[in-house]
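Visitor: I'd like to understand the words people use for protein structures. Could we go through one together?

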Amino acid sequence: PHIQFITEGEAPVQKNLHYTKALNIVRVVQEAVTNAIKHASAKSIKITSKHSNGRWLLEVINDGIGFNHVGMKKEEQGNGLDNMNQRAADSGFEFSIESNESTGTKISILV
């Protein structure tokens with residue numbers, strides 16, 4: 001109840017995806033939101049959907065504590081980040097994580 005959820009944009013009507021790719025999008029977004037709730041102490045989680053250079057861009061942005069993504073890779077903590085990356089790769093999507101300690105995190109999927 002203490003987290004503000006914001007959604008902006010819509011999925012492109014003309015975009016048809018195989019159900020496994022659509023499910024992978026759902027799971028990546030789900031994991032990003034779960035991580036923001038469980039680990040980031042976020043007060044706000046924003047999900048955006050927009051067109052970018054003829055492609056579909058989905059972003060999950062939180063204002064939580066952020067983390068050192070490079071350091072996290074070295075420590076190999078949890079499977080969530082690796083699972084998101086693998087799901088995106090399996091579907092042929094571009095995936096990125098931008099995070100800094102104390103400034104929040106942005107997860108991007110380019111379809």
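**Buried residues and the core**

Visitor: Why is S44 called buried?

Guide: Happy to help! Keep in mind that this is a predicted model. S44 has a relative accessible area of 16%. Buried means under 20%, so S44 counts as buried.

Visitor: Where is S44 found, and what does S44 touch?

Guide: S44 is found in strand β2, residues 44-52. Leaving out residues up to four places away in sequence, S44 touches I3, Q4, I6, I61, N62 and D63.

Visitor: How do you know whether N24, in helix α1, is buried or exposed?

Guide: Use that cut-off again: buried is under 20%. N24 has 14% relative accessibility, so N24 is buried.

Visitor: What makes the pair N24 and R87 a polar contact?

Guide: Their side chains are 3.3 Å apart in this contact, and the limit for such a pair of N or O atoms is within 3.5 Å. N24 also touches D90 and S91.

Visitor: Which residues have the most contacts inside the largest nonpolar core?

Guide: They are I25, I45, V60, M84, F95, I107 and I109, in a core of 23 residues. The elements giving two or more residues to this core are α1 (19-38), β3 (55-62), α3 (80-91), β4 (94-100) and β5 (104-110). With six residues, α1 gives the most.

Visitor: Which residues is I45 in contact with, beyond its neighbours within four places in sequence?

Guide: Among them are I3, F5, V33, I37, V60 and N62.

Notes:
Residues are numbered from 1 along each chain as its sequence is written. This is a predicted model: local features need pLDDT of at least 70, side-chain atom pairs count only at pLDDT 80 or more; totals for chains, interfaces and linings use all residues. Side-chain values use heavy atoms; hydrogens and water are left out. A nonpolar core is a set of buried Ala, Val, Leu, Ile, Met, Phe, Trp, Tyr and Cys residues joined through side-chain atoms within 4.5 Å. Buried means under 20% relative accessible area, exposed over 50%, partly exposed in between (1.4 Å probe, protein chains only). Helices (H or I, at least four residues) and strands (E, at least two) are DSSP runs, numbered from the N terminus. Contact means heavy atoms within 4.5 Å. A polar contact is a pair of N or O atoms within 3.5 Å; within protein, one must be able to donate a hydrogen and the other to accept it, and residues adjacent in sequence count only if both atoms are side-chain atoms.
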